[in-house]
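Subject: A structure for you to look at

Hello,

I am passing a structure on to you, with some notes to help you find your way around. Please open it first and then read on.

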Amino acid sequence: MSEKPHLGVRLLVKDKTDWNAIDTAEIIAMRAKAEKLLASPLLRFVTKRPDPGARIEERFLDLPGRWLRLRAFVPERAAGPRPLVLSFHGGGFVGGSPEQNDWVNSGLSAALGAVVVGVDYRLSPEHPLPAPVEDGVDALEALAQDPFDWGIDPESIAVFGESAGGTIAALLALRSREEGPRVRAQVLVYPGTDWTGSATEYPSMERNGGNPGLSVARYRKCAELAVPAGTDALAYSPVRFASLADAPPALVVVGGLDAALDHGRRYVERLVEDGSEARITVYPRATHGFMSTPGLVPAARPARDAVIAFFAARLSAATAPR
């Protein structure tokens with residue numbers, strides 16, 4: 001007997017967008033509508049309120065040619081030096097904002113005594129890859145210098161990402177093997193790890209593509225806009241890198257009914273094959289996006305607890321006496 005999505009998931013509005021026909025203007029309009037909805041107090045029933053153990057600070061990084069908005073959670077109880085967790089929201093590189101991760105990010109900050117920073121990276125179709133990854137790299141390098149006097153420990157940095165944000169988090173973690181501040185741990189929640197032409201050929205895409213959260217047509221459209229013709233898709237597909245050896249320890253969190261399930265599963269398999277520490281946790285009745293809807297999906301809470309425990313062990317080890 002096959003699993004069905006949890007009742008809360010089935011209550012989500014079915015995605016009725018014709019992703020095969022939608023144009024760029026409609027994508028941008030849809031994004032603006034979603035951001036307005038996210039700001040509605042009514043949606044707090046679904047997304048839940050931030051943890052009061054962390055205060056919210058809006059900051060901006062002055063970067064060449066642009067300002068990069070940051071939505072930071074700073075723990076009320078912990079003094080420096082504090083771990084830093086960079087957080088990247090989902091949305092297929094075409095939508096989303098740091099606010100959709102308030103419940104997760106604030107909970108991580110309060111529990112870990114860490115500064116957790118949601119990065120409002122640039123989006124397609126206006127800013128295709130590599131722009132979102134460049135924003136992640138620039139945020140990591142700048143925040144490791146503690147420009148806002150949060151008491152950040154540059155030796156205790158981790159990355160967290162959902163969906164397309166998981167792509168950015170993985171790329172930063174793998175990049176840190178050779179350059180930039182060292183990333184001590186990576187947590188990827190239902191990540192997109194393959195943006196090549198075969199990204200939608202994984203078995204879970206066919207099996208779960210009709211469930212809420214992510215369809216095959218949506219993934220293809222996001223890939224078309226974020227990785228336009230002439231862009232090297234392999235450079236943004238960590239599951240297809242030649243080597244994942246010496247990668248930071250990884251936890252991948254996925255839903256059993258998620259179309260992107262096998263993206264996460266294969267990434268973990270590749271990490272382990274190449275000798276890196278990695279594990280996957282599957283929540284059988286959860287679909288894509290469940291971590292951002294704790295008011296509907298019970299699995300969001302144990303999943304957040306698992307992320308906290310994983311980060312706590314790795315970030316504490318990074319600052320232990322040697």
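Which residues of α8 are buried? They are Val216, Tyr219, Lys221, Cys222, Ala223, Leu225 and Ala226. The cover over these buried residues includes α2 (24-38), α7 and α9 (261-273). Please keep in mind throughout that this is a predicted model.

**The chain as a whole**

The protein chain has 10 helices and 8 strands. Its C-alpha atoms fill a box of roughly 50 × 45 × 45 Å along the principal axes. Because a compact globule of 322 residues would have a radius of gyration near 20 Å, the 18 Å of this chain agrees with that form. Buried residues account for 56% of the 322 residues. If you take the contacts between residues at least 6 apart in sequence, 78% of them join residues at least 24 apart.

On the outside, the chain exposes about 13400 Å², and carbon and sulfur atoms supply 54% of that area. As for charge, there are 36 positive and 39 negative charges, and their mean positions are 7 Å apart.

**The cores**

The largest nonpolar core holds 68 residues, and Leu86, Trp150 and Tyr267 touch the most other members. The element that gives the most to this core is α6, with 8 residues. Apart from this core lies another of 30 residues, among them Phe160, Tyr190, Ala299 and Ile308.

Leu86 is a good residue to click on. Once neighbours within four places in sequence are left aside, Leu86 is in contact with Val117, Val119, Gly136, Ala139, Leu140, Leu143, Ala158, Val159 and Phe160.

**Some backbone details**

Most residues other than glycine have a negative phi, and most peptide bonds are trans. With that in mind, four places may catch your eye.

Two of them are in the loop between β4 (115-119) and α5 (131-143), where Pro125 is found and where Pro130 lies as well. The peptide bond from Ser124 to Pro125 is cis, with omega near 10°. Leu129 and Pro130 are also joined by a cis peptide bond, and here omega is about 20°.

The other two concern phi. Asp146, in the loop between α5 and β5 (152-162), has a positive phi, near 55°. Asp146 counts as buried because its relative accessible area is 16%, and the cut-off for buried is under 20%. Ser163 sits in the loop between β5 and α6 (164-175), and its phi is likewise positive, near 55°. With a relative accessibility of 13%, Ser163 is buried too.

**One more loop**

Where is Pro212? Pro212 is in the loop between α7 (203-208) and α8 (216-226), just ahead of the helix we began with. Is Pro212 buried or exposed? Pro212 is buried, because its relative accessibility is 16%. Pro212 and Asp258 are 46 residues apart in sequence, while their C-alpha atoms are 8.3 Å apart in space.

If you would like a route through the model, you could start at α8 and the elements that cover its buried residues, including α2, α7 and α9. From there, go on to Leu86 in the largest nonpolar core, and finish with the cis peptide bond from Ser124 to Pro125.

Enjoy looking around!

Best wishes

Note on methods: Residues numbered from 1 in each chain as written. Predicted model: local features only at pLDDT ≥ 70, side-chain atom pairs only at ≥ 80, totals over all residues. Heavy atoms only, no water. Helix = DSSP H or I, 4+ residues; strand = E, 2+ residues; numbered from the N terminus. Buried < 20%, exposed > 50% of the residue type's maximum accessible area, 1.4 Å probe, protein only. Core = buried A, V, L, I, M, F, W, Y, C linked by side-chain atoms within 4.5 Å. Contact = heavy atoms within 4.5 Å. Rg over C-alpha atoms; globule rule 2.2 N^0.38 Å. Areas by Shrake-Rupley, 256 points an atom, 1.4 Å probe, with all protein chains shown as cover. Lys, Arg positive; Asp, Glu negative; His and termini not counted. Charge placed at Lys NZ, Arg CZ, Asp CG, Glu CD.
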